[in-house]
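Me: I'd like a close look at one spot where two helices pack against each other. Could you walk me through it, and then add a few words on what sits elsewhere?

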Amino acid sequence: MIAERHQSAPEVALRQFGARLFEAAPGLVTWILLLAPVWIPIVFPWPGAFLVAGAVLVFDVYWLIRSVSVVTGVYETFTRMRRDMATDWLAMCVKDRAAGRRDPLQYIHLSIVLTYTEPYHVLEHTVEAIVDANYPPELKMIAIITRDTDKPGWENVAKLKAKFGDSVVGFYHIKDAVEPGVVVGKSAAMNWGGRWMRTVLTDEGYDLDRILVTDLDSDYRVHPQYFAWISWHHARDALRDYTIWQPVPLFHNNIWQVPMAVRVMSASTTQWQMFLHSRPHRLVAFSSYTCSLQFIHRVGYWDKDVIPEDSRFYWKAFFTFGKRFSVKSVYLPLYGDSPKSSDYASTHMSQYSQIKRWAWGITDVPYVLARLFQHPEIPLTLRVRRFSNLFLNHLNWIFLPLLLMFGSSAPIWLSNDFALTPLGQDMWAASSIILSVTLSTVLFFMYFESQMLPPKPADWPWWRRVAAHLQYFAYPVVGLVLSVLPALEAHTRLLLGRYLEYRVTEKT
């Protein structure tokens, strides 16, 4: 702001216009690519139609290869999860301590839980899972963040502290003052909570190098082995002070209580995250994760002015630590709730809003691009590769599904000359065959999901049990409405400057 006083009004306006154009670029690219199958055949009738049909055919083959890759990746993660879930990691920690290795049991786990409007029973299950985890109680802490004006939230925290406070070494209530100028949401609240906890733990005399913080959503339940797993691996990792530990989210807590479309979206989100865990170079922080308190302090805490707190925190860490930084897989599940509201329609809207909030991570593109060439200490290839993964993932989120569903038909609809040629008909038929083969990979996803889901309600009739398996074939339609459309809205909002406001995903 001080620098702006020394600039003329036209210079300031030009700089602001440039920044806005920079910000709008991702949404502009999205719409240009999205409409390409329409405008290219119109501008270049026969050659354009042939080009689009050929590109769609190439993408169809790519989608088939990618589907097979996702299946193998999910299987790899699934196998590792079953192995690690069956291991007694606390016993492994005790064994390392006895052997004189770096002591895993020197670490205290602080779980910071943000709550706003969540009912007591949701928080109770979350806190109970922390307390019941197979890790010494004197090495576990719980901190719950509420707004300083949220009196019902205060009451919930008081009840939880009365019930579970003696089961951990510390139980804290953080009252977020919601500082002026912040974007109200999880990121700003975690910024307040992280700074507050560092001050309190310093005053209480704790060694901050021994504090591991888990950013835990209010409906997430840690696996019983989670804290011991983290401690054992953290102690053995030479780059422990530059690492975020990311578990595998499974949205299964209430899976049989939500509508079919929400179940399908929960399953697809879970399995996509499982695939990412098989590709370490593509893994980023998602929703809930663990890192050291000193790591958080050195990064500068979570930003106060963003909605996607996990991805932005990831990029802040990357630009702070460079090639030393990484997100590493925790091959244990973190059990979360699927969106569930008071009625059928609002449940679907809650799911739509959650996906839109995740897709708002497109705002990381201008943030990263603005800093991409300001850090020569980070290898250029690493910076470009991670930025490419970020941008292409957001583009593919929208572009690939729509292109695969409608792209092969667009040239035929828009160019009669091309539609009447044998080549046009053959390319359309080949595309349809490849997509049919690709759809068959759903059978593998159905199997993996069936192995991880909790038992179906005993009072369900047989036909409903069968339908619960077949529901995954509805993903093309469900994904279009509850994944592609909210992502497209997020991109369009950024293009038009209509910024998203944080909305809590309702979970009853």
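Reply: Here's the helix pair, followed by a buried aspartate and the cysteines.

Before we start, this is a predicted model, where local features need pLDDT of at least 70, side-chain atom pairs count only at pLDDT 80 or more, and totals for chains, interfaces and linings use all residues. Residues are numbered from 1 along each chain as its sequence is written, and side-chain values use heavy atoms, with hydrogens and water left out.

The pair is H9 (residues 260-277) and H20 (residues 475-496), whose axes sit 10 Å apart at an angle of about 85°. Axes here are lines fitted to C-alpha atoms over the stretch in contact, and angles run from 0 to 180 degrees between N-to-C directions. Helices are DSSP runs (H or I, at least four residues), numbered from the N terminus. So H9 is roughly perpendicular to H20, a label that covers 65 to 115 degrees. H9 brings Met260, Ala261, Val264, Met265 and Ser268 to the contact, while H20 brings Tyr475, Val478, Gly479, Leu482 and Ser483; contact means heavy atoms within 4.5 Å. Sorted by type, these residues are seven nonpolar, three polar and no charged, with Gly counted as polar.

Elsewhere, Asp96 lies in helix H4 (residues 89-98) and is buried at 3% relative accessibility, where buried means under 20% relative accessible area with a 1.4 Å probe, protein chains only. Beyond its neighbours within four places in sequence, Asp96 touches Arg101, Pro104, Trp232 and Arg236.

As for cysteines, Cys93 is buried at 0% and Cys291 is buried at 1%. The whole structure has zero disulfides, counting pairs of cysteine sulfur atoms within 2.5 Å.

Key
Helices (H or I, at least four residues) and strands (E, at least two) are DSSP runs, numbered from the N terminus. Angles under 35 degrees count as roughly parallel, over 145 as roughly antiparallel, 65 to 115 as roughly perpendicular and the rest as oblique. Buried means under 20% relative accessible area, exposed over 50%, partly exposed in between (1.4 Å probe, protein chains only).
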